[in-house]
Amino acid sequence: PKTDIVFLKVHKSASSTVMNILFRFGEMHNLTFAFPLGGGYQLYYPHHFLARFVQGFSPQSPRRFNILCHHMRFLQPEVQKVVPTSAIYFSILRNPVQLMESSFMYYKGASAFSHVRSLEEFLSQPYRYYNPTSGDRHYARNLMTFDFGFNPDGEVSPERVQLMLKAIEASFDFLLISEYFDESMVLLKEMLCWDLDSVISFPLNSRDSSTKSPLPDSVVEKLKAWNRLDWEIYTYFNRTFWERIERDIGRERMRREVKALRERQAELARTCLQGTGSVAPKDIKDSSLRPLQHGAARILGYNLKQGLDQELERTCRRLVTPELQYSSLLYKKQFPPKPP
């Protein structure tokens with residue numbers, strides 16, 4: 001199994017669920033994580049990543065970490081200073097239309113969104129609300145482009161788009177697609193030589209459907225145009241995703257693997273969870289399993305069954321521990337607090 005990994009955690013793209021998979025694998029195999037200084041949750045995002053943002057890194061004795069997966073704005077030469085040269089680089093993308101709708105609900109406080117009631121209103125005159133110089137502009141335009149380290153307000157010429165796609169392709173070994181999450185997990189398992197249980201997950205940091213509503217076609221078209229760079233990234237890598245599956249796995253085997261994955265996930269859900277799945281934040285009984293609530297979104301979580309044996313309880317708890325709690329736990333393990 002591959003143990004040196006860089007995961008670019010793109011916002012609002014099922015990336016918290018992928019992060020849980022990496023946390024569990026890293027913990028199980030006693031790997032080291034490149035944590036943000038002081039045990040924070042982001043690597044000084046939205047600044048471009050620098051090696052010195054990592055706890056325990058020093059230029060004098062460059063220490064290599066196995067897994068880099070916290071939110072960052074990608075800058076490969078700096079990333080290369082903190083991970084081994086053999087590291088596998090991957091990320092996950094989401095359809096920019098749904099991504100922006102999610103970003104709008106989640107980052108309602110962002111300057112571009114704070115004075116509008118709806119996405120339609122924002123898109124009717126985006127430049128009235130959007131300021132390219134504001135520090136949080138990226139939540140409102142081409143968020144994936146920004147996370148990959150590029151300018152979200154860059155011009156959209158064919159040459160420029162080509163350069164950007166080539167740069168991403170040169171840096172990353174593969175990109176997953178959140179709309180095809182199960183297929184993505186099979187591909188991940190294949191690329192990292194992991195076993196099935198290592199890529200099983202329950203959806204984390206997802207919001208309840210009461211705040212989701214379908215967007216009219218006219219808005220969808222405006223969203224694509226406004227997030228044109230993201231749209232170019234998404235459509236290109238969605239295509240190469242399926243090409244890779246054809247080449248490396250084949251559709252038939254992919255179907256079998258996805259079926260096995262879903263069956264195992266359902267089995268674990270029956271074993272671990274009270275009820276059939278996620279619940280509203282107010283209904284989560286164990287406060288240590290309650291996810292951070294943000295913006296206008298209601299982030300769901302889980303209740304574990306009572307009376308599980310110790311080993312099973314541990315496995316189940318890891319599957320449903322929200323990102324911030326899990327990150328803190330692993331940080332304390334890697335950097336134990338000094339006794340007073």
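In what order do the 4 strands of the open sheet lie, and is their pairing parallel or antiparallel? The order is 2-1-3-4, and the pairing is parallel. Here, strands (E, at least two residues) and helices (H or I, at least four residues) are DSSP runs, numbered from the N terminus. Two strands pair if DSSP finds at least two bridges between them.

Before you start clicking, note that this is a predicted model, in which local features need pLDDT of at least 70 and side-chain atom pairs count only at pLDDT 80 or more, while totals for chains, interfaces and linings use all residues. Residues are numbered from 1 along each chain as its sequence is written, and side-chain values use heavy atoms, with hydrogens and water left out.

**Stop 1: the sheet**

Select residues 67-68 and 174-177. These are strand 2 and strand 4, the edge strands, and each pairs on one side only. Now add helix 10 (residues 228-248), which packs on the sheet and touches strand 3 and strand 4. Its direction makes about 100° with that of strand 4; axes are lines fitted to C-alpha atoms, for helices over the stretch in contact, and angles run from 0 to 180 degrees between N-to-C directions. Contact, here and below, means heavy atoms within 4.5 Å.

Next, colour strand 1 (residues 5-8) and strand 3 (residues 88-93), which run parallel and are joined by 4 bridges. Phe7 has Phe90 as its bridge partner in strand 3, and Leu8 stands opposite Ser91. On to strand 4: it pairs with strand 3 in the parallel sense, again over 4 bridges. There, Ser91 has Leu175 as its bridge partner.

Stay with strand 3 for a moment. Because 6 of its 6 residues are buried, strand 3 is largely enclosed by the rest of the structure. Buried means under 20% relative accessible area, exposed over 50%, and partly exposed in between (1.4 Å probe, protein chains only). Ile88, Phe90 and Ile92 are buried on one side of the strand, and Tyr89, Ser91 and Leu93 are buried on the other.

**Stop 2: helix 9**

Select residues 217-226. Which residues of helix 9 are buried? They are Val219, Val220, Leu223 and Trp226. These four lie on the same side of helix 9 because they cover an arc of only 130° around the axis, the arc being that of the directions from the helix axis to the C-beta atoms. Turn to the face away from the buried side, and you meet the exposed residues Asp217 and Ala225. To see what covers the buried residues, show helix 3 (96-106), helix 4 (119-124), helix 5 (126-129) and helix 10, which are included in that cover.

**Stop 3: Tyr130**

Trp226 leads to the next stop, as Tyr130 touches it. Tyr130 sits in the loop between helix 5 and helix 6 (143-147) and is buried, with a relative accessible area of 3%. Other residues that Tyr130 touches, not counting those up to four places away in sequence, include Phe122, Arg137 and Asp153.

**Stop 4: Glu27 and Leu289**

Glu27 is in helix 1. Is Glu27 buried or exposed? At 11% relative accessibility, it counts as buried. Beyond its neighbours within four places in sequence, Glu27 is in contact with Phe33, Arg314, Arg318, Tyr326, Leu329, Leu330 and Lys333.

Leu289 lies in the loop between helix 11 and helix 12 (310-320), and it is buried at a relative accessible area of 2%. Among its contacts outside the four nearest places in sequence are Ile284, Tyr302, Arg317 and Pro322.

**Stop 5: the open and closed spaces**

On a 1 Å grid over the protein atoms alone, a cavity is a set of points where a 1.4 Å probe fits but cannot get out; a pocket is an open set with protein on both sides within 12 Å along at least five of seven lines, and lining residues have an atom within 4 Å of a point. Grid points are joined across faces, edges and corners, and a volume is the space filled by probe spheres set on the points.

The largest pocket has a volume of about 860 Å³. Of its 42 lining residues, select Lys12, Ser16, Leu204, Asn205 and Ser206, which lie nearest its centre.

Last, a search of the whole structure finds 1 cavity of 30 Å³ or more. Its lining includes Leu99, Met100, Tyr139 and Asn227.
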